[in-house]
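Grab your viewer and work through these exercises one at a time. Each comes with a worked solution, so try the task before reading on.

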Amino acid sequence: MTRRLLLSYLAVTLVVLALLEVPLGIFYAQRESDRFTADVERDASVIATIYEDDLEAHRPPDPAAADRYQERTGARVVVVDDAGISVVDTDAAVPRDFSRRPEIEVALQGARSTGIRRSDTLDTSLLYVAVPVASGGVVHGALRITLDAGSVDARTRQFWIGLAGVGAVITVIVGLGAWVLARSVTRPIRHLSDSALRYAGGDLSTDDQPVAGPREIRELGSTLDTMARRLAGLIDEQRAFVADASHQLRTPLTAMRLRLENLQARAPADQAAELDAILDESDRLAALIADLLQLARADEQDAVGEVDLRQLVEERAEMWVAFAADRGITVERSVPDETAVARAVPGAVEQVLDNVLDNALNVSPAGGTVLVELIPGPDHHELVVTDEGPGLSDDDKDRAVRRFWRGDASTTGTGLGLAIAVALIARSRGTVELIDAATGGLRVVVRLPAAVPSKTERPPSTPTEDRST
């Protein structure tokens, strides 16, 4: 918008300058030409009076006056008698016949003739002035002055250059003023746009500084802030409700499980199996409540801090090694020597790794391998978990990050693991991507913004791989 306003101001300025300067330049050129012609015409009339008596008496005129004028101005002076034969010529020998020259014919008829014509031979413009030499109404001859009009063209050209320079200076000044004005006009709009983008990203915090600008902009800013505060309040209430409900459900659920276990201890054998199924469902319900509480906390807006991804990958992978060994699954780690510090919500990376590894181990077959990789980058670091399970179709990849989705209803879990991971990574300004693995399984790629440039703690080497079973 700033650019459009600036271009609009400059376009208006250029149009105004053109409307003012072009007529002014044309007027100046015409005025200079008229003034130059009038001066030469006056000189021609004065010189004509000098030769009037000689032409009337048919005496050879003295060329001294014409020669002095030529020396002073560089003009060519030609004087002809009433037959158009030259009697004085400062640039050529006399006599010569000028009777067929249009300006001489006009002058011999008692009228003045002036004009400017282009001389290709001299490569310049020539001004000619022809006046009659007469007395008592009788024309005795004519006088023509031819003068280089290049000085007029030079002055006119210099004036146009001056006008262009003034126009350029005015355009620069107007451009700077227009830029300042456009910035001042668009600054509150940019502020509103930034606020709207921040709200769209989930950050509903409002600025204490009110939006500056016209009344309509201030009202819009106030409306956006009010909307953000109300949304934040509603979301906080919803999170609080989920957290409170999950927390309150734990106590009766625990009491119910204890009673079921007591009943199972005293129940006949034919009822024990039914009680086992009820206990399994209570375990699933307890896991669902725990995941709901974790998901509610995942949506909270906490401060983002710096975390050491290499250390976290080592710790979480090591913790899952024993669990994987019980299932006959190998957990491999590929961790480079470089330090990879990312910006993330405290505790988010640990929860994400636990959720993703849990899913990977649940779908991996016995004897399979789960690979955990850390790939540092200049702007983003990547955590990649690859399994050898059945993988997911493109449609299932989209549904997998939704809440309560499970690819196989017979598997354990609540369907909230990836949804929790996506929420935690989104709060950390990162992304989660599900792609097909070369082994036929699934690759979960978690990208987090880098906090500091990668630094090498020791000489570079190939990534190390720890194989644990």
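**Exercise 1.** Work out how β7 pairs with β10, and whether β7 is buried or exposed.

*Solution.*
- Start with the pairing: in this predicted model, β7 and β10 (residues 369-375) run parallel and are joined by five bridges.
- Pick one position to check by eye: S334 sits opposite E373 of β10.
- Now go for burial, where the cut-off is under 20% relative accessible area. Six of the six residues of β7 (residues 330-335) pass, so the strand is largely enclosed by the rest of the structure.
- Split the strand by face. Side chains in a regular strand alternate between the two faces of the sheet.
- On one side of β7 you get T330, E332 and S334, and on the other V331, R333 and V335; all of them are buried, so both faces are covered.

**Exercise 2.** Find the strand order of the open five-stranded sheet, and say which strands stand at the edges.

*Solution.*
- Walk across the sheet: the order reads β2-β1-β5-β4-β3, and the pairing is antiparallel.
- Look at the ends of that list. β2 (86-89) and β3 (113-119) each have a single partner strand, so one side of each lacks a neighbour in the sheet.
- Check the twist: on average, neighbouring strands here are turned by 20° against each other, ignoring direction.
- Zoom in on the β3 edge. Its partner is β4 (residues 124-135), running antiparallel to β3, with seven bridges between the two.
- For one concrete pair, take S119, whose bridge partner in β4 is T124.

**Exercise 3.** Which residues make the nonpolar surface patch of about 330 Å², and is L234 buried or exposed?

*Solution.*
- The patch is made by M227, L231, L234 and I235.
- Place L234 on the fold: it belongs to helix α5, which spans residues 215-266.
- Apply the cut-off, where exposed means over 50% relative accessible area. L234 comes out at 54%, so it counts as exposed.

**Exercise 4.** Zoom out and describe the whole chain in a few numbers: how many helices and strands are there, and what share of residues is buried?

*Solution.*
- Count the elements: the chain has 10 helices and 15 strands.
- Go on to burial: 37% of the 469 residues count as buried.
- Then the surface: about 26,400 Å² is exposed, with 56% of it supplied by carbon and sulfur atoms.
- Finish with the contacts. Taking those between residues at least 6 apart in sequence, 65% link residues at least 24 apart.

Methods. Residues numbered from 1 in each chain as written. Predicted model: local features only at pLDDT ≥ 70, side-chain atom pairs only at ≥ 80, totals over all residues. Heavy atoms only, no water. Pairing = 2+ DSSP bridges. Helix = DSSP H or I, 4+ residues; strand = E, 2+ residues; numbered from the N terminus. Axes fitted to C-alpha atoms, helices over the stretch in contact; angles between N-to-C directions. Patch = residues over 30% accessible without salt bridge, like charges linked within 9 Å, V, L, I, M, F, W, Y side chains within 5 Å. Areas by Shrake-Rupley, 256 points an atom, 1.4 Å probe, with all protein chains shown as cover. Salt bridge = Lys/Arg side-chain N within 4 Å of Asp/Glu carboxyl O. Buried < 20%, exposed > 50% of the residue type's maximum accessible area, 1.4 Å probe, protein only. Contact = heavy atoms within 4.5 Å.
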